[in-house]
Amino acid sequence: MLHNSALDKPAQPRLMIGRPELALIGVTVLWGGTFLIVHHAVQATGPFFFVGLRFGTAALLALPFALPVLRGLTMREMLAGLMIGLGIFIGYSLQTWGLQTISSSTSAFITAAYVPLVPILQWIVLRRRPRLASWIGVALAFAGLVLIAAPEQGFALGKGEALTLISTVAIALEIIFISLWAGKVNVARVTLVQLAATSLLAFACMAPAGEAVPPFNWTVVLSACGLGAMTALIQFVMNWAQRSVSPTRATLIYAGEPVWAGIIGRIAGERLPSTALVGGLLVVAAVIVSEIEFKQKKS
């Protein structure tokens, strides 16, 4: 939380960082690096196959940790895992689909717009009224998206940008679902269920979407399996850390994700227009503004 250091001074922002927060910061670094990997991999495969393989690998890696306690799986944990898995499936599938046609940096900055959505969806799902800062964050995020989506032609979302923007709603819901059940369920069991559910849903959607299994490609296999390992670690850390870190505090930490993705993308040769970079900064500002709360201690 943010506190005032002196009663007679203006409120100053101060973030107390413990092990759960540090763990989530580590998650954002890993998360930021995934965009470029996926962007290159999906040039050789469809989005549903890649998501299915990625999360199937993650589920297999999570199985040894969940197996000793799997017999204790409850209906609440099954429901939690399925709901979180549904959010992950929709969010990551649409995001992966969008990465076929847009750069990893653009995808990362648009994806960050899920952060201002969290307080709004909390209002709908958990009946927690958002603060004024949340609405300001939404306005900043919208302005940033206008600049990112089509900086030279006005606000005209392409297919990749539109799919990524829709994915932000599912990702925001995933964060809320994790917090809704955090502390009430076994982390290992729920993580396994959500990873397996995501993989099965992705593979099941291949046929209806007209997506075929691609020819064997080492880039796809290594990318999906490597990301699967990272995904298993990320999901375990998120479920563990958000037992003591609030959804809004967690999303504030996640603001670093597009920054890391932008840095990695630039190192790899991606060059966004200056207006798009300004838009990205507005989205990051939206994340910070919507989540930081300035308080003064009462005398």
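In which helix is the place of Met-83?

**View 1. Met-83 of helix 3 in the predicted model.** The structure shown here and in the following views is a predicted model, and the place of Met-83 is in helix 3. With a relative accessible area of 28%, Met-83 is partly exposed, because this value falls between the 20% under which a residue is buried and the 50% over which it is exposed. Apart from neighbours within four places in sequence, Met-83 is in contact with Phe-177 and Trp-181. Although Met-83 and Gln-194 are 111 residues apart along the chain, their C-alpha atoms are separated by 7.6 Å.

**View 2. Glu-77 and its surroundings.** Glu-77 also lies in helix 3, where its relative accessibility is 4%, and it therefore counts as buried, the cut-off being under 20%. The side chain of Glu-77 reaches the backbone nitrogen of Asn-186 at 2.8 Å. When neighbours within four places in sequence are left aside, the residues in contact with Glu-77 are Gly-72, Val-185, Asn-186, Arg-189 and Val-190.

**View 3. The largest cavity and its lining.** A search of the whole structure finds two cavities of 30 Å³ or more, and the largest of them holds about 80 Å³ of space. Its lining is made up of Ala-80, Ile-84, Ile-178, Trp-181, Ala-182, Gly-183, Val-185, Val-187, Val-190, Asn-239 and Arg-243. The elements that contribute two or more residues to this lining are helix 3 (75-98), helix 7 (159-181) and helix 8 (187-204). Sorted by class, the lining of the largest cavity comprises eight nonpolar, two polar and one charged residues. Among the lining residues, Val-185 and Val-190 also appear in the list of contacts of Glu-77, while Trp-181, another lining residue, is in contact with Met-83.

**View 4. The second largest cavity.** About 40 Å³ of space lies in the second largest cavity, which is lined by Trp-31, Tyr-92, Gln-95, Thr-111, Tyr-114, Ile-171 and Glu-257. By class, this lining has four nonpolar, two polar and one charged residues.

**View 5. Helix 9 and its start.** Helix 9 covers residues 218-241, and its 24 residues, at 1.5 Å a residue, should span 34 Å; the end C-alpha atoms are 34 Å apart, so the span in the model agrees with the expected one. At the start of helix 9, a side-chain oxygen of Asn-217 comes to within 2.8 Å of the backbone nitrogen of Thr-219.

Methods
Residues are numbered from 1 along each chain as its sequence is written. This is a predicted model: local features need pLDDT of at least 70, side-chain atom pairs count only at pLDDT 80 or more; totals for chains, interfaces and linings use all residues. Side-chain values use heavy atoms; hydrogens and water are left out. Helices (H or I, at least four residues) and strands (E, at least two) are DSSP runs, numbered from the N terminus. The expected span of a helix is 1.5 Å times one less than its number of residues. A polar contact is a pair of N or O atoms within 3.5 Å; within protein, one must be able to donate a hydrogen and the other to accept it, and residues adjacent in sequence count only if both atoms are side-chain atoms. On a 1 Å grid over the protein atoms alone, a cavity is a set of points where a 1.4 Å probe fits but cannot get out, and a pocket is an open set with protein on both sides within 12 Å along at least five of seven lines; lining residues have an atom within 4 Å of a point. Grid points are joined across faces, edges and corners, and a volume is the space filled by probe spheres set on the points. Ala, Val, Leu, Ile, Met, Phe, Trp, Tyr, Cys and Pro count as nonpolar, Asp, Glu, Lys and Arg as charged, and the others, Gly among them, as polar. Buried means under 20% relative accessible area, exposed over 50%, partly exposed in between (1.4 Å probe, protein chains only). Contact means heavy atoms within 4.5 Å.
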